[in-house]
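Student: Please take a close look at one part of this model for me. I would like the surroundings of the bound molecule first, then whatever else helps to place it.

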Amino acid sequence: MKIAMIGSGYVGLVSGVCFADFGHHVVCVDKDPARIEALLRGEIPIFEPGLDELVASNVQQHRLSFTTDLQEAVADADAVFIAVGTPSRRGDGFADLSYIYAAARDIAKAIKGYTVVVTKSTVPVGAGDEVERIMRETRPDAEFAVASNPEFLREGAAIDDFKRPDRIVIGTTDPRAREVMSEVYRPLNLNQPPLFFVDRRTAELIKYAANSFLATKVTFINEMADLCEKVGANVQDVARGMGMDNRIGSKFLHAGPGYGGSCFPKDTLALVKTAQDYDAPLRIVEAVVAVNDQRKRGMAKRIISACGGNVRGKTIALLGLAFKLNTDDMRDAPSIAIVTALEDAGAKVRAHDPKAMEQARPIMPNVKFCQDPYECADGADALVIVTEWDAFRALDLPRIAKILASPTMIDLRNIYRPADVRKHGFAYTSIGRA
Ligand SMILES: NC(=O)c1ccc[n+]([C@@H]2O[C@H](COP(=O)([O-])OP(=O)(O)OC[C@H]3O[C@@H](n4cnc5c(N)ncnc54)[C@H](O)[C@@H]3O)[C@@H](O)[C@H]2O)c1
């Protein structure tokens, strides 16, 4: 099949290269010339484990190419995937669909022959109808179907998620589109991926429902952690005990600093707004959004209290800035709210992250970035673990205790056992473990 991927960010690039690896011919398009030039030089503009090798091998085998020329990429394609951003719209929190609609207009102008246009971006219910309307208005003569195929990959494990998905949701009632989409995913047949065909609106809603449910699970255990602290219980054991129940499951039950990233915050908010518009308010998701917002900044309070209630003039060292491990994505990372609140309270902040410092620099202009955890800790008044990178799981604790001005550790990811840290003389605070 010939596939055009519009938008070569996390989702577009990973989906594009995986489709190419299935044996399809894929052209990845982006309107950002610097991004495409980098890709043409063989440089990968994002950090995602395994992506560089997979891109290189598919480019070498002439199945994957990159361009800024949407028209040429789309003209011969059997399927055109839209994977552009759908960020929160400033001011009202609705999903900003302007990139989607602009792409739809450009695609309509360029298609030749029957083409399936597929929204892979996360879009609110009804966006597919609008894409179809825009395309019809732009090119009344064109032959096409608009399908929805929301993406469920996780950054940090994106290639494996894409190649071994739990399910592939496809929203279309057009028989020809169904055939094309089955062909696109046919190479996955060996892995028996459940292709789940539904109508387009249902597909659009499945994505938001799934993300909001996962965000609810995270927020639930975060609030449970607060209660554990008050009553002297251990949230990790509570989560384990809950997760052993198959109806609940153990995933997404890790208490921490609140969810962040490029999806949960904007998707929960957009779903809340959609539901309000349709007079069917989702009060649970509304609560999740509010609780999570407060939690991120609340983490700074925890750090301040671990430092004796005042951080003015003190130096706080943060380990980890990305919203989770194995990504350089800084979008809505809890570290942003934490840094702002600490700086508001008069602290000097230093930080180290294995991959995200480049992305963090422009967002955190007053933070001093350090090359490794030890440079970061040297002379600081407290060390805070913000992201659960593997590299932070086996720190040389006696060395850290010695180089900190006072051996204080705040572990917002519970990656250490309290006794293991305290035996080196640390004052140790974690989440939901009295
Ligand atoms: N990042 C994730 O983990 C993830 C997972 C599932 C779904 N999603 C959804 O996928 C969509 C894309 O997310 P992302 O993280 O890949 O975004 P991104 O910001 O990393 O990438 C989007 C890219 O699209 C390009 N673009 C915008 N308009 C364009 C146009 N008209 N023509 C060509 N290129 C254009 C931008 O330059 C950018 O490079 C969003 O709707 C997101 O919610 C993301």
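**The ligand and its surroundings**

Tutor: Ser262 places a polar side-chain atom 3.2 Å from a nitrogen atom of the ligand. The model is predicted, so every distance here is computed from predicted coordinates. On its own, the ligand would expose 840 Å², and the protein buries 89% of that.

Two further contacts involve ligand oxygen. The side chain of Thr86 has an N or O atom 2.5 Å from an oxygen atom of the ligand. Tyr10 uses its backbone instead: an N or O atom there lies 3.1 Å from a ligand oxygen.

Now the whole shell. It has 23 residues around the ligand. Those that come nearest are Val11, Asp30, Thr86, Glu155 and Lys266. Thr86 is thus in the nearest group, and its side chain also makes the 2.5 Å approach to ligand oxygen. By class, the shell divides into eight nonpolar, seven polar and eight charged residues.

Next, the cysteines. The disulfide count is zero. Take Cys263 to begin with. Its sulfur is too far away for a bond, because the closest cysteine sulfur, in Cys18, is 16 Å off. Cys263 counts as partly exposed because its relative accessibility is 31%. Cys370 is in no disulfide either, and the nearest cysteine sulfur, that of Cys376, is 4.2 Å away. The cut-off for a disulfide is 2.5 Å between sulfur atoms, so this pair does not qualify. Cys370 counts as buried because its relative accessibility is 0%.

Last, the enclosed space. The structure holds one cavity of 30 Å³ or more. About 40 Å³ of space lies in the largest cavity. Its lining consists of Thr119, Ser121, Thr122, Val123, Ser148, Asn149, Pro150, Glu204 and Lys207. Two of these lining residues are nonpolar, five are polar and two are charged.

To return to the ligand: Ser262 approaches a nitrogen atom, while Thr86 and Tyr10 each approach oxygen.

Technical notes:
Residues are numbered from 1 along each chain as its sequence is written. This is a predicted model: local features need pLDDT of at least 70, side-chain atom pairs count only at pLDDT 80 or more; totals for chains, interfaces and linings use all residues. Side-chain values use heavy atoms; hydrogens and water are left out. On a 1 Å grid over the protein atoms alone, a cavity is a set of points where a 1.4 Å probe fits but cannot get out, and a pocket is an open set with protein on both sides within 12 Å along at least five of seven lines; lining residues have an atom within 4 Å of a point. Grid points are joined across faces, edges and corners, and a volume is the space filled by probe spheres set on the points. Ala, Val, Leu, Ile, Met, Phe, Trp, Tyr, Cys and Pro count as nonpolar, Asp, Glu, Lys and Arg as charged, and the others, Gly among them, as polar. A residue is near a molecule or strand if one of its heavy atoms lies within 4 Å of it. A polar contact is a pair of N or O atoms within 3.5 Å; within protein, one must be able to donate a hydrogen and the other to accept it, and residues adjacent in sequence count only if both atoms are side-chain atoms. Accessible areas come from the Shrake-Rupley method with a 1.4 Å probe; for residues, only the protein chains shown count as cover. Buried means under 20% relative accessible area, exposed over 50%, partly exposed in between (1.4 Å probe, protein chains only).
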